[in-house]
Amino acid sequence: MASFTTTTAAAASRLLPSSSSSISRLSLSSSSSSSSSLKCLRSSPLVSHLFLRQRGGSAYVTKTRFSTKCYASDPAQLKNAREDIKELLQSKFCHPIMVRLGWHDAGTYNKDIKEWPQRGGANGSLSFDVELKHGANAGLVNALKLLQPIKDKYSGVTYADLFQLASATAIEEAGGPTIPMKYGRVDATGPEQCPEEGRLPDAGPPSPAQHLRDVFYRMGLDDKDIVALSGAHTLGRSRPERSGWGKPETKYTKDGPGAPGGQSWTAEWLKFDNSYFKDIKEKRDADLLVLPTDAALFEDPSFKVYAEKYAADQEAFFKDYAEAHAKLSNQGAKFDPAEGITLNGTPAGAAPEKFVAAKYSSNKRSELSDSMKEKIRAEYEGFGGSPNKPLPTNYFLNIMIVIGVLAVLSYLAGN
């Protein structure tokens with residue numbers, strides 16, 4: 001593991017290496033009040049926008065003329081960071097390790113612990129050296145090195161959000177489903193808030209199926225979630241020097257892409273599909289990895305129902321995987337705002353704007369909101385229209401109307 005240097009006692013255990021030198025992340029400011037949650041100021045009609053940065057957990061206040069919105073992460077920076085992550089994935093082929101990074105930060109959640117951040121979950125604590133050195137996190141320092149320049153560029157994005165953003169984007173860019181993500185996760189602020197070692201799953205426990213249930217049930221997940229999430233092993237390789245599992249290289253990994261070596265679960269290990277389930281079921285290739293916890297999916301009666309389903313139906317797998325990934329990413333996290341935000345900056349799960357006729361019926365020229373414009377556009381296109389052409393004419397109806405009018409005129413003329 002790469003060596004690190006420490007810049008202050010307060011940041012001695014939170015270490016994120018940059019591309020040129022090892023650096024420490026300062027977790028607390030000198031003011032004791034900075035560790036408390038930031039309270040939003042009341043909006044003033046004279047102020048249209050306010051940007052506010054608080055160290056020890058970024059807080060961004062977006063103020064409109066009539067309301068104040070508080071976010072742990074800046075929505076605009078989140079969107080830009082996602083584009084940078086896409087470029088990183090294309091150049092470094094690092095999809096698998098980004099998925100693993102997000103999972104391992106979120107996978108420490110314990111539903112029986114109510115207090116945050118003691119309960120674990122996606123809170124960025126994996127950026128602290130004490131947690132990074134947990135055995136299950138071997139090699140993840142490389143993921144942090146890759147993401148650190150993006151974090152430096154977008155300081156308004158929390159580590160917790162950055163890890164989950166990278167994980168979901170990696171799935172989508174590898175051909176997987178769109179994950180219904182929300183953001184606004186608050187970061188843990190010190191190494192003392194890291195979870196104890198041992199909360200993550202082991203690859204070769206004595207009772208694989210029971211071990212998986214012990215770990216994932218603790219997070220509030222069920223058998224369907226366990227099997228669906230296991231399907232993410234369609235991406236990536238296991239390296240024996242890190243995990244103790246797999247071959248040094250195979251015919252599928254000896255030439256990369258990326259650093260060569262390791263043993264993959266699937267032949268196309270940078271493509272997200274349902275081949276993981278197919279390959280385990282068929283057991284057709286000794287060069288493909290099958291861990292004890294992988295084999296348990298087809299040996300345990302309850303797991304097998306879902307494993308068989310996903311081997312036969314990729315669409316069903318994608319649907320269940322997207323739901324399980326979002327659940328894993330969200331549970332245990334602390335959001336600011338509490339409901340989270342989407343990448344367009346709106347509250348997650350916000351109800352669509354209702355149409356109020358009086359709002360648009362005055363003599364004053366009034367601009368429609370973006371959401372209402374989209375609603376009108378969708379309804380217009382639903383009838384076959386588009387911004388570039390008028391609605392199609394129903395010629396048959398017009399002909400019938402003309403015939404009816406002519407019949408009436410003929411009747412009147414006859415009388």
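The side chain of D187 reaches the backbone nitrogen of A160 at 2.8 Å, a polar contact in the sense of a pair of N or O atoms within 3.5 Å, where within protein one must be able to donate a hydrogen and the other to accept it, and residues adjacent in sequence count only if both atoms are side-chain atoms. The model is a predicted one, in which local features need pLDDT of at least 70 and side-chain atom pairs count only at pLDDT 80 or more, while totals for chains, interfaces and linings use all residues. Residues are numbered from 1 along each chain as its sequence is written, and side-chain values use heavy atoms, with hydrogens and water left out.

**The chain as a whole**

- The chain has 14 helices and four strands, where helices (H or I, at least four residues) and strands (E, at least two) are DSSP runs numbered from the N terminus.
- Of the 415 residues in the chain, 46% are buried; buried means under 20% relative accessible area, exposed means over 50%, and partly exposed lies in between, with a 1.4 Å probe and protein chains only.
- Among contacts in the chain between residues at least 6 apart in sequence, 63% join residues at least 24 apart, a contact being heavy atoms within 4.5 Å.

**Two buried acidic residues**

- D187 is found in the loop between α5 (159–173) and α6 (208–218), and at 4% relative accessibility D187 counts as buried.
- Besides the nitrogen of A160, the side chain of D187 also reaches the backbone nitrogen of Y159, at 2.9 Å.
- E131 lies in helix α3 and, with 1% relative accessibility, counts as buried.
- When its neighbours within four places in sequence are left aside, E131 is in contact with H104, T108, S125, L126, N137, C194 and P195.

**Helix α9 and its partner α11**

- The buried residues of α9 are S275, Y276, F277, D279 and I280, and these buried residues pack against α7 (223–230), α10, α11 and α12 (314–330).
- The axes of α9 and helix α11 (residues 301–312) come within 8 Å and cross at roughly 115°, with axes taken as lines fitted to C-alpha atoms, for helices over the stretch in contact, and angles running from 0 to 180 degrees between N-to-C directions.
- That crossing makes α9 roughly perpendicular to α11, since angles under 35 degrees count as roughly parallel, over 145 as roughly antiparallel, 65 to 115 as roughly perpendicular and the rest as oblique.
- The crossing of α9 and α11 is left-handed, a term used if the near helix is turned anticlockwise from the far one by less than a right angle, whereas a clockwise turn is called right-handed.
- In this pairing F277, K278 and K281 of α9 meet A307, E308, Y310 and A311 of α11.
- The residues of the contact of α9 with α11 divide into four nonpolar, no polar and three charged, where Ala, Val, Leu, Ile, Met, Phe, Trp, Tyr, Cys and Pro count as nonpolar, Asp, Glu, Lys and Arg as charged, and the others, Gly among them, as polar.

**Helix α11 against α12**

- The axes of α11 and α12 come within 5 Å and cross at roughly 120°, which makes α11 oblique to α12.
- The contact is made by K309, Y310 and A312 of α11 together with Q314, A316, F317 and D320 of α12, and by class the contact of α11 with α12 has four nonpolar, one polar and two charged residues.

**Residues with positive phi**

- K283 follows α9 and has a positive phi, near 45°, although K283 is not a glycine.
- K283 is placed in the loop between α9 (275–282) and α10 (292–299), where K283 is exposed, with a relative accessible area of 71%.
- F93, also a residue other than glycine, has a positive phi near 55°; F93 lies in the loop between α1 (75–92) and α2 and, at 36% relative accessibility, counts as partly exposed.

**Cis peptide bonds**

- A cis peptide bond with omega of about 5° joins W116 and P117, and P117 is found in the loop between α2 (95–106) and α3 (129–132).
- G256 and P257 are joined by a cis peptide bond, with omega of about 5°, and P257 has its place in the loop between α8 (240–243) and β4 (263–264).
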